[in-house]
Amino acid sequence: MTTPPPATPDQPLAPAEPQKPKGGVGRKILGVVVAIAIALAVKFGWAEINGDIPTHAEVGDCITVSGKENDPKVDTKKCTDKVPDLYKVTKVVEGTFDMEKCGGSTALAQEWDYEKFVLCLEPVTS
């Protein structure tokens with residue numbers, strides 16, 4: 001059995017391979033992206049992130065209303081669409097939930113972000 005010769009002082013040691021820091025740039029970027037997503041969810045609310053936000057329709061737009069009375073789902077549609085419960089917006093009253101501002105016609109109070117408004121509606125008949 002043979003043994004390797006001992007190292008001589010004139011023989012340099014092999015340099016150690018530099019170690020990569022754990023986490024790296026990719027992990028930092030991912031952390032920033034997650035932080036931004038959380039901040040947006042907090043600022044705009046989860047409903048807006050999901051696309052479950054009220055429609056802030058304008059006069060002349062047509063919408064459908066579905067869902068519960070205390071949590072209506074409003075979708076913008078074409079006024080020529082043949083769908084049930086289609087309404088045309090005749091007036092938008094900003095800064096209130098007072099549906100009496102529509103003068104007795106069908107009304108829908110909505111809140112979008114910090115903005116509140118009432119949509120005055122008339123049924124679209126085909």
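Start by selecting helix 1, residues 24-49, and look for I29, which sits in it. Keep in mind as you go that this is a predicted model. Now add V25 and V33 to the selection: together with I29 they make a nonpolar surface patch of about 290 Å².

**Zoom out**

Show the whole protein chain as a cartoon. You should see one helix and five strands. Walking from the N terminus, the elements come in the order α-β-β-β-β-β, so to speak a helix followed by strands. Switch on the surface for a moment: the protein chain exposes about 10100 Å², with carbon and sulfur atoms supplying 58% of it. How much of the chain is buried? Of its 126 residues, 17% are buried. As for contacts between residues at least 6 apart in sequence, 46% of them join residues at least 24 apart.

**The sheet**

Hide the surface and colour the strands one by one. The five strands form an open sheet in the order 2-1-3-5-4, and the pairing is antiparallel. Which strands stand at the edges? Strand 2 and strand 4 (106-112) do; each has a single partner strand, so one side of each has no neighbour in the sheet. Turn the view to follow the twist, which averages 45 degrees from one strand to the next.

**Strands 1 and 2**

Select residues 62-68 for strand 1 and residues 71-77 for strand 2. These two run antiparallel and are joined by seven bridges. The link between them is a hairpin, with two residues connecting strand 1 to strand 2. To see some of the pairing up close, click V65 and find V74, its bridge partner in strand 2. Then try G67, whose bridge partner in strand 2 is P72.

**A stop at T64**

Stay in strand 1 and pick T64. Is T64 buried or exposed? Its relative accessibility is 10%, and since buried means under 20%, T64 counts as buried. Light up what T64 touches, leaving aside residues up to four places away in sequence: K73, V74, D75, K77, V83, P84, D85 and L86.

**D85 and its backbone**

One of those contacts, D85, deserves its own click. You will find D85 in the loop between strand 2 and strand 3. What is there to see in its backbone? D85 has a positive phi of about 55 degrees, although it is not a glycine. For background, most residues other than glycine have a negative phi. At 48% relative accessibility, D85 counts as partly exposed.

**Into strand 3**

Next, select residues 86-94, which make up strand 3; three bridges join strand 1 to strand 3, and the two run antiparallel. Click I63 and look across to Y87, its bridge partner in strand 3.

Now bring in strand 5, residues 115-123. Seven bridges join strand 3 to strand 5, again in an antiparallel arrangement. A good pair to display here is V92 with L119, which stands opposite V92 in strand 5.

**Out to the loop at E100**

Follow the chain into the loop between strand 3 and strand 4, and select E100. With a relative accessibility of 64%, E100 counts as exposed. How far is E100 from C120 in space? Put a distance label between their C-alpha atoms and you should get 9.6 Å, for two residues that are 20 apart in sequence.

**Last stop: strands 4 and 5**

Finish by selecting strand 4 and strand 5 together. They run antiparallel, with seven bridges between them. Show Q110 and look opposite to F117 in strand 5. Which residue in the turn of this hairpin has a positive phi? Strand 4 and strand 5 form a hairpin with two residues between them, and D113 in the turn has a positive phi of about 60 degrees.

How values were computed:
Residues are numbered from 1 along each chain as its sequence is written. This is a predicted model: local features need pLDDT of at least 70, side-chain atom pairs count only at pLDDT 80 or more; totals for chains, interfaces and linings use all residues. Side-chain values use heavy atoms; hydrogens and water are left out. Helices (H or I, at least four residues) and strands (E, at least two) are DSSP runs, numbered from the N terminus. Buried means under 20% relative accessible area, exposed over 50%, partly exposed in between (1.4 Å probe, protein chains only). Contact means heavy atoms within 4.5 Å. Accessible areas come from the Shrake-Rupley method with a 1.4 Å probe; for residues, only the protein chains shown count as cover. Two strands pair if DSSP finds at least two bridges between them. Axes are lines fitted to C-alpha atoms, for helices over the stretch in contact, and angles run from 0 to 180 degrees between N-to-C directions. Patches are made of residues with over 30% relative accessible area and no salt bridge: like charges are joined within 9 Å, nonpolar side chains (Val, Leu, Ile, Met, Phe, Trp, Tyr) within 5 Å. A salt bridge is a side-chain nitrogen of Lys or Arg within 4 Å of a carboxyl oxygen of Asp or Glu.
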